[in-house]
Amino acid sequence: MRLNISVLCVIVLFSYAAAYDPLDPNGNITIKWDVVSWTADGYVAAVTMSNFQMYRHIMNPGWTLGWSWAKKEVIWSMVGSQTTEQGDCSKFKGNVPHCCKKTPTVVDFLPGVPYNQQFSNCCKGGVVAAWGQDPSSAVSAFQISVGQAGTSNKTVKLPKNFTLLAPGPGYTCGPAKIVPSTTFLTPDKRRKTQALMTWNVTCTYSQFLARKNPSCCVSLSSFYNETITPCPSCACGCQNNKKNCVKGNSKFLDMVGLHTPKRDNEPLLQCTHHMCPIRVHWHVKTNYKDYWRVKLAVTNFNYRLNYSLWTLAVQHPNLNNVTQVFSFDYKPLLPYQSINDTGMFYGMKYFNDLLMEAGPSGNVQSEVLLQKNKETFTFNQGWAFPRRVYFNGEECMMPSPDSYPYLPNSSPKNVLNFQTFIISFLLFLALWCIGT
C-alpha cells in the first residue's frame, strides 16, 4: 500500500512538473465567463478565451471547448460559435434550444459567417495567436444564452469539468472560480459598466500529456569544424512513423488529395533518420572581432501541414546582446526579468510567417548577429550552441553534448587521443624502469 501511494505521488508531482514551462512560467489560457444579463430562466454570458502563453499558439483546425453543466441547463442560442451536437431536445415544444447536451462541445465559427452571427474576436476558425507574438490576435470570444439555470448570483451553478483541445490534447483545466466582476467602458469611454457575475477557468499545457515523443529536433554545425551534428536518430519516435513515411522522390507524392490535412492533424512525413515533422538547424557561421553570426534554418518534413504563425523560442546566454536579426522578427522573453537569455523568433507578416509543407519551399531561414561579451564568450565546449529550442511551444530534441562540433584542439576525440598517449607513455616508462 505504501509503495502504491509513493508511485501515485511521483506521478502527480511529475504531471505538475511537466505542465510547468521554465521559459514561460506564467503561460496559460484563461477562459472568462461574464454574465451580462439575466433572462426569464437563466442568463446571457460573454465567454472570452485569452492565450497568455508567450510562444505557444492555437493552430488550425482550432480550439474545442467542453464542460459539464452543474444542473439541467440548456443552451438557447449562441453568437460567434456553435456546439458540435444539438443533443436530445425532444421534450421542448415550439422554441427548441441550440443544445441540450449535459456535456456540450463548442467550436469557433469559420471566417465569413453572416454578420448577425458574429461576435467580437470570433470567427477565426479557432486559431489564436501567442501573446508574445500578437496580443491583439491572442483572444477568441463568443456569446451564450443559457436556460434552465439560476437567475441570480446566488442560484447560478458554475459549469465544471472543463476540457480544452487546442487542437489536440495537452491542456488541463482547473475548476471555475468566481472572481471580481469585469468592468467595461462604453463606446464614448465616459462611463463604466460591469458584469453581473464573472468566473475564470485556467488551463495549462503539458507536452508530456500532449504526446509521448517530441515533435521537432535540432541539428548543429559550425565554421570551425567540418562535422555536422545531425538530429538524434528516432528523435521523434520511429515505431509507427517509419511505416507511414514517404521518400522525397516518391511518385506517391503526386496523388491528388495526398497533401490535404486531416482533422486530427495526422502527419505524412518524409522518411528521415530522425522522423520529426520539424528540424531546426543552428549554424555558427562567422566570427568577427566584436561580433559573431549564427544562421537559423527551420525545415518542414510534413507533407500534410503548413505552419502558420509559427514561433521559435531559443535559450542561449548571448541572446542578451542581439544586434540584428535579418529575416525574422525577434522579441526577447524575460521569464525571470533579471535573466535575459531567451528570445522568440517568428516570421515577418506576409513574408515568411507561413512555413510551407515539406518540399522545395518547406523551409524558412535567417541570420542573427550577436555582440560578444568578452568575459563569457567562447567557442569551447559547445558554448556557441543553444541550451533549449522550442518550435510552436514544443521542446525540441537536442543532440547529445558530446557530439557537438568542437574546436579542433578541444574536441573529445583529440582529448581522448592525448589521454591515450599519456597512459601509453607512463606504461612504457614503468616497463622501462622495471627492465633497468
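Which residues touch the most other members of the largest nonpolar core? The legends below, for a predicted model, begin with that core.

**Figure 1. The largest nonpolar core of the predicted model has 38 residues.** W282, W292, L312, F345 and F391 touch the most other members of this core. Two or more core residues come from each of strand 14 (216-222), strand 16 (278-287), strand 17 (291-300), strand 19 (311-315), strand 24 (363-371) and strand 25 (388-391). Another core lies apart from this one and has 35 residues, including I58, W63, L164 and Y205. In soluble globular proteins, nonpolar side chains tend to be buried together.

**Figure 2. Contacts of F391, a residue of the largest nonpolar core.** Neighbours within four places in sequence are left aside here. F391 is then in contact with C216, I278, V298, Y307, W310, T311, L312, L355 and C396. One of these partners, L312, is itself listed with F391 among the core residues that touch the most other members.

**Figure 3. Strand 14 is covered on both faces.** Seven of the seven residues of strand 14 are buried. In a regular strand the side chains alternate between the two faces of the sheet. On one side of strand 14 are C216, V218, L220 and S222, and on the other are C217, S219 and S221, all of them buried. Strand 14 also gives two or more residues to the largest nonpolar core.

**Figure 4. Strand 14 pairs with strand 16 and with strand 15.** The pairing of strand 14 with strand 16 is parallel and runs over seven bridges. Here S221 stands opposite H283 of strand 16. With strand 15 (residues 225-229), strand 14 pairs in the antiparallel sense over two bridges. L220 has T229 of strand 15 as its bridge partner. Strands 14 and 15 form a hairpin, with two residues between them.

**Figure 5. An open sheet of five strands with antiparallel pairing.** The strand order is 21-22-19-25-26. Strand 21 (328-333) and strand 26 (394-395) are the edge strands, each pairing on one side only. Strand 21 is joined to strand 22 (residues 342-347) by six bridges in the antiparallel sense. Across this pairing, P332 stands opposite G343 of strand 22. Two strands of the sheet, 19 and 25, are among the elements that give two or more residues to the largest nonpolar core.

**Figure 6. Aromatic rings: an edge-to-face pair and a cluster.** The count of aromatic pairs comes to 24. In the pair F377 and W383, the ring centres are 5.5 Å apart and the planes stand at 80°, so the geometry is edge-to-face. F377 and W383 are both buried. Elsewhere, ring pairs link W33, Y43, W67, W69, F162 and W199 into a cluster.

**Figure 7. Surroundings of S68 in strand 3 (residues 64-68).** Is S68 buried or exposed? The relative accessible area of S68 is 13%, so S68 counts as buried, the limit being under 20%. Not counting residues up to four places away in sequence, S68 touches K102, T103, P159, K160 and N161.

**Figure 8. Two cis peptide bonds, each leading into a proline.** The bond from N60 to P61 is cis, with omega near 15°. P61 is in the loop between strand 2 (43-51) and strand 3. The bond joining A166 and P167 is also cis, with omega about -10°. P167 is in the loop between strand 8 (160-165) and strand 9 (171-173).

**Figure 9. Two loop residues other than glycine with positive phi, K189 and Y350.** Phi of K189 is about 60°. K189 is located in the loop between strand 11 (183-185) and strand 12 (192-194), and counts as exposed at 64% relative accessibility. Phi of Y350 is near 65°. The loop that holds Y350 runs between strand 22 and strand 23 (354-355). Y350 is exposed, with a relative accessible area of 76%.

**Figure 10. The whole protein, for orientation, with three helices and 26 strands.** Of its 436 residues, 45% count as buried. The accessible surface of the protein comes to about 23,100 Å², and 57% of this belongs to carbon and sulfur atoms. Among contacts between residues at least 6 apart in sequence, 71% join residues at least 24 apart.

How values were computed
Residues are numbered from 1 along each chain as its sequence is written. This is a predicted model: local features need pLDDT of at least 70, side-chain atom pairs count only at pLDDT 80 or more; totals for chains, interfaces and linings use all residues. Side-chain values use heavy atoms; hydrogens and water are left out. Two strands pair if DSSP finds at least two bridges between them. Helices (H or I, at least four residues) and strands (E, at least two) are DSSP runs, numbered from the N terminus. Buried means under 20% relative accessible area, exposed over 50%, partly exposed in between (1.4 Å probe, protein chains only). Contact means heavy atoms within 4.5 Å. Rings of Phe, Tyr and Trp (its six-membered ring) pair if their centres lie within 6.5 Å; planes under 30 degrees apart count as stacked, over 60 as edge-to-face and the rest as tilted. A nonpolar core is a set of buried Ala, Val, Leu, Ile, Met, Phe, Trp, Tyr and Cys residues joined through side-chain atoms within 4.5 Å. Accessible areas come from the Shrake-Rupley method with a 1.4 Å probe; for residues, only the protein chains shown count as cover.
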